[in-house]
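Colleague: Hey, can you walk me through this one? I'm new to reading structures, so keep it simple.

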Amino acid sequence: MLGAALANTKPKIERLKPVKFVIAALACVLVLSSIKNAPAMEVELTRSTAMIPDGDVAQGDKDIRSAWLSSPTERYAHGVLGDGIEAAALTAVLPDGTRLTLSLPEHAVFEDRYPRLADLDGDGRDELVVVKATQTQGASLLVAGLRDGKLTILAEGAPIGRPYRWLNPVGAGDFDGDGETELAYVETPHIGGILRILKWRGDKLIEVYSAPGFSNHAIGTRELELSTVMDADGDGITDLIVPNTLRNVLRVVTFKGGVFKELFPIDLGAPLVRLKTDYKSFGALVAILADGHAAGVRFKKR
Ligand SMILES: [Ca+2]
Ligand SMILES: [Ca+2]
Ligand SMILES: [Ca+2]
């Protein structure tokens with residue numbers, strides 16, 4: 001049957017009319033000339049050295065071009081981020097291609113998946129914000145940056161004080177409205193999380209405000225971005241959007257004037273498993289939920 005059908009089918013040849021032929025010929029000439037005049041392309045491939053599994057690369061446009069967590073190690077067996085492998089070092093690449101590494105001592109690791117780049121003090125140089133943990137004191141927030149051509153620790157917050165206690169950053173912003181950028185994280189997001197706000201003072205990150213009842217991580221998962229910072233109510237002060245301890249409600253809070261205030265809760269109806277935080281691009285926060293649904297969150301003035 002198939003052979004008979006083929007035998008009865010004459011191949012159809014479409015002949016180009018003169019005008020179409022001229023257009024087709026011109027197109028060929030244009031394509032050929034564009035290939036001839038195309039600049040010679042060079043592809044440069046640089047391989048990263050020993051990034052941790054599930055790591056990610058932070059990219060910047062100031063004094064640090066990219067940075068990631070390196071030197072995988074199993075020397076801190078906690079495993080809250082999905083495996084028992086953490087980073088012994090932080091690697092940064094400068095705009096000229098210079099590669100610098102900051103290694104931690106044997107009792108410490110970076111218990112994180114990637115560093116975050118931000119110019120915290122407004123000096124035009126980026127800092128790297130990352131979670132450190134030690135065998136005796138647990139996690140602390142650490143700020144690193146370039147000084148005298150070296151990647152170095154610039155400031156550290158107080159550690160939680162016990163091993164196998166972790167914290168997850170929320171973000172950086174002027175949360176109280178005093179013109180200075182603060183850092184925010186949730187301490188122990190798996191066991192009654194506390195939202196803590198820190199200011200950079202010398203070589204320390206000093207806690208200035210805190211509030212209980214938050215969680216921005218599910219234990220054993222690799223997803224770190226369950227919270228974000230943005231001006232949700234449009235008053236010019238950066239707010240914090242962080243889930244409650246069950247992660248089924250997004251709490252929108254402010255520390256305007258140094259006073260904690262809950263602006264409004266957003267009941268998601270199911271636990272949050274991922275938050276797409278690029279509000280400018282999407283026109284909404286997009287919450288991916290444990291029940292298989294997604295929810296868009298928009299902030300509108302009444
Ligand atoms: Ca800076
Ligand atoms: Ca501030
Ligand atoms: Ca605000």
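Modeller: Sure, and one term first: a residue counts as buried if 20 or more other C-beta atoms lie within 10 Å of its own. Also, keep in mind that this is a predicted model.

Colleague: Okay, so how much of the chain is buried?

Modeller: Buried residues come to 33% of the 302 residues.

Colleague: And how many helices and strands are there?

Modeller: The chain has three helices and 20 strands.

Colleague: Let's pick a strand. How many of the residues in β15 are buried?

Modeller: Five of its five, so to speak: β15 covers residues 239-243 and is mostly covered. On one side you have D239, I241 and P243, on the other L240 and V242, and they are all buried.

Colleague: Which strands does β15 pair with?

Modeller: One is β14 (residues 228-230), which pairs with β15 in the antiparallel sense over three bridges. There, T228 stands opposite I241. The other is β16 (residues 249-254), which runs antiparallel to β15 and is joined to it by four bridges. In that pair, V242 stands opposite R251.

Colleague: What holds paired strands together, in general?

Modeller: Strands of a sheet pair through backbone hydrogen bonds, either parallel or antiparallel.

Colleague: And what's between β15 and β16?

Modeller: Those two form a hairpin with five residues between the strands. Among them is R247, which takes a positive phi near 60 degrees.

Colleague: New topic: which residues touch the most other members of the largest nonpolar core?

Modeller: L90, L128 and L141, in a core of 63 residues. Strand β8 (residues 138-147) gives the largest share of this core, six residues.

Colleague: What is L128 in contact with, leaving aside its neighbours within four places in sequence?

Modeller: I64, A67, L90, A92, P115, L117, A144 and G145.

Colleague: How many of the chain's contacts link residues far along the sequence?

Modeller: Taking contacts with a separation of 6 or more, 45% are between residues 24 or more positions apart.

Colleague: Last one: what's the order of strands in the sheet with β18?

Modeller: That's an open sheet of three strands, β18-β19-β20, with antiparallel pairing. β18 (272-276) and β20 (294-297) each have a single partner strand, so one side of each has no neighbour in the sheet. From one strand to the next, the twist averages 20 degrees.

Colleague: How many bridges join β19 to β20?

Modeller: Four, with β19 spanning residues 285-289. For instance, A287 has A295 in β20 as its bridge partner.

Notes: Residues are numbered from 1 along each chain as its sequence is written. Chains are lettered from A and ligands numbered from 1 in the order in which they are written. This is a predicted model: local features need pLDDT of at least 70, side-chain atom pairs count only at pLDDT 80 or more; totals for chains, interfaces and linings use all residues. Two strands pair if DSSP finds at least two bridges between them. Axes are lines fitted to C-alpha atoms, for helices over the stretch in contact, and angles run from 0 to 180 degrees between N-to-C directions. A nonpolar core is a set of buried Ala, Val, Leu, Ile, Met, Phe, Trp, Tyr and Cys residues joined through C-beta atoms within 7 Å. A residue is buried if 20 or more other C-beta atoms lie within 10 Å of its own, exposed if 12 or fewer, and partly exposed in between; C-beta atoms are placed from the backbone. Two residues are in contact if their C-beta atoms, placed from the backbone, lie within 7 Å.
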